[in-house]
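Biologist: I am new to this structure and should be grateful for a formal account of it. Please take one strand, look at it closely, and then follow its surroundings outward into the rest of the chain.

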Amino acid sequence: MSLTPSGGRTPRQVLALADDLSGAAETAAALCLPARIVLGPAATRSPGAGRALVVDLDTRQRDADDAARIVREAVRGAGPGTVLLKKTDSLLRGNLAAETAAYAEGAAGLVIAPALPAAGRTVHDGIVHLRGQPLHDTDAWRAETRPAPRSVAAALDGTPTAVVPLTAVRAPLPELTGRLRALVEAGLTPVCDTESDGDLDAIAAAALGLGPGVRLMGTGGLAAALGRLRPGTDGPSPVPAPGGVLPLLVVVGTAEPGAAAQIAQLTAAGARHVALPAELLAGAAGPVPLTTGPDDAVTVVSVEGSRGIRPGSARQVVAGLARTVAAVPYPADLVLTGGETARRVLDALGVTELLPVGEIHHGAVHSRTADGRSVVTRPGSYGDSGSLLRIARALRPYQPLVPPLIPAGPPAQVPAPRAEFTAPHPPPPVSPVPQGEAL
């Protein structure tokens, strides 16, 4: 079963809905279709045959009722024959129960595959595992206000579900399709156990075989499986780059220790680092001045949270960070880590749509704005210590970094000694590992 039907019929169009921007970008890249990313919520329209429209509904931080309403409105805009995909967080965060119930309204059925094998996130007996450990036994929810759910069914809280074990997922395709159909007709939502991308390929093919009335729900891994079902995929449409090389501004919206290691590798290669105190960002009515300029080839802006971030102030910190970045008086390419940070920065800049170019490493998606500037988005929980360096090298393969100016007075952070930042050095290996997203 394919996104391109046999017999010369028109290729199917895909409407994908995500609850944050980094997830939307990950989905757009994974689908390997000519795509647009819309920063919604906004009225959805037909993406066109063989194309994808991915909408960031921006519901991760909203209350459950508002999130459900936005999902309902987005689904109403889907045209006949559209393949519908609801992108979920691989750690089951967000308004999962409310959004799932809203997404399922009016559907012939719903098939859920919440695994992301590329990031070590699998599902066994209906329980999400993180590198072999049940999610509820890890600290992946340490930034959340409630404990992690003990199963996918518990996270859905009220949606009637049935686990589809690995033996059924790996059965011949007609058998898996028949099992899914029987569960859907019985009013149950299949939750598919998954260990590999091959398992996701089978689930996607079987779900498409149930007909256009059945909707899909899962991570970027399921989106990638859908993309692999389209033969001769062309990937995203090329977007011309602007003339010249713009400064690169890396915005890190987390105070987690893993982010500090990522910044350290980038500054050791020559990037300038500006760490802004969390309390200053949260309390400022306007932008916080940055001691950087257009001659700094790569600048990292982060949140300095050594004294911790006051409970309940995370959104104010992100808003202050966004205002600060938007006030930079020169055009720059952007690397934005964390879905909330990325969305608030682009909102402050007035960006409403992105065109995906490709993926630098898993979850680090390179897109362009309408005027051709580069924007890389990446979830805060992805990437090892070399992630930011690898992204910068991909965007600036031949540009050495300019030594930074040392600001007057006691510096918040003193840059490490520099190594020349050029293309001939191979990029460090990147294996996505969960680090937790504070902002």
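Modeller: A residue is called buried here if its relative accessible area is under 20%, exposed if that value is over 50%, and partly exposed in between. By that standard, 57% of the 439 residues of the chain count as buried. The model is a predicted one. In it, the chain has 13 helices and 18 strands. The surface that the chain exposes amounts to about 16,900 Å², of which carbon and sulfur atoms supply 56%. Among contacts with a separation of 6 or more, 75% come from residues 24 or more positions apart.

The part chosen for the close look is strand β1, which comprises residues 14-18. Five of its five residues are buried. The cover lies on both faces: Val 14, Ala 16 and Ala 18 are buried on one side, and Leu 15 and Leu 17 on the other.

Which strands pair with β1? One partner is strand β3 (residues 52-56), which runs parallel to β1 and is joined to it by five bridges. Another is β4, with which β1 pairs in the parallel sense over four bridges. Leu 17 offers a useful point of reference, for it stands opposite Val 55 in β3 and also opposite Lys 86 in β4.

Val 55 leads from the strands to the nonpolar cores. The largest nonpolar core has 71 residues, and Leu 31, Leu 226 and Leu 346 have the most contacts inside it. Apart from that core lies another, of 32 residues, and Val 55 belongs to this second one, as do Ile 70, Ala 148 and Val 152, among others. In soluble globular proteins, nonpolar side chains tend to be buried together.

The loops on either side of β3 each hold an unusual backbone feature. Most residues other than glycine have a negative phi, and most peptide bonds are trans. In the loop between β2 (35-39) and β3 lies Pro 41. The peptide bond that joins Gly 40 to Pro 41 is cis, with omega about 5°. In the loop between β3 and α2 lies Asp 58. Although Asp 58 is not a glycine, its phi is positive, about 55°. Asp 58 is buried, because its relative accessible area of 13% is under 20%.

The other partner of β1, strand β4, leads on to helix α3. Within α3, which spans residues 96-104, the buried residues are Leu 96, Glu 99, Thr 100, Ala 102 and Tyr 103. These five lie on the same side of α3, because they cover an arc of only 165° around the axis. An α-helix has 3.6 residues a turn, so residues three or four places apart point the same way. What do the buried residues of α3 pack against? They pack against β4 (83-87), the strand already met beside β1, and also against α2 (64-76), β5 (109-113), α4 (152-156) and β11 (214-218). After α3 comes Gly 106, which has a positive phi near 80°.

Farther along the sequence is an open sheet of three strands, in the order β6-β7-β8, with antiparallel pairing. Its edge strands are β6 (121-124) and β8 (133-134), each of which pairs on one side only. Four bridges hold β6 and strand β7 (residues 127-130) in the antiparallel sense, and Arg 121 stands opposite Leu 130 in β7. The loop between β7 and β8 contains Arg 131, a residue other than glycine whose phi is positive, near 50°. Is Arg 131 buried, partly exposed or exposed? With 49% relative accessibility, Arg 131 counts as partly exposed, whereas Asp 58 is buried.

A final example lies in strand β14 (residues 298-304), where Ser 302 is placed. Ser 302 is buried, with a relative accessible area of 4%. Its side chain makes a polar contact of 2.8 Å with the side chain of His 273. Leaving aside residues up to four places away in sequence, Ser 302 touches Val 252, Ile 263, His 273, Val 274, Ala 275 and Leu 276.

To return to the starting point, β1 is covered on both faces and pairs in the parallel sense with β3 and with β4. Through β4, the account reaches the buried residues of α3; through Val 55 of β3, it reaches the core of 32 residues.

Conventions. Residues are numbered from 1 along each chain as its sequence is written. This is a predicted model: local features need pLDDT of at least 70, side-chain atom pairs count only at pLDDT 80 or more; totals for chains, interfaces and linings use all residues. Side-chain values use heavy atoms; hydrogens and water are left out. Buried means under 20% relative accessible area, exposed over 50%, partly exposed in between (1.4 Å probe, protein chains only). Helices (H or I, at least four residues) and strands (E, at least two) are DSSP runs, numbered from the N terminus. The arc is that of the directions from the helix axis to the C-beta atoms. Contact means heavy atoms within 4.5 Å. Two strands pair if DSSP finds at least two bridges between them. A nonpolar core is a set of buried Ala, Val, Leu, Ile, Met, Phe, Trp, Tyr and Cys residues joined through side-chain atoms within 4.5 Å. A polar contact is a pair of N or O atoms within 3.5 Å; within protein, one must be able to donate a hydrogen and the other to accept it, and residues adjacent in sequence count only if both atoms are side-chain atoms. Accessible areas come from the Shrake-Rupley method with a 1.4 Å probe; for residues, only the protein chains shown count as cover.
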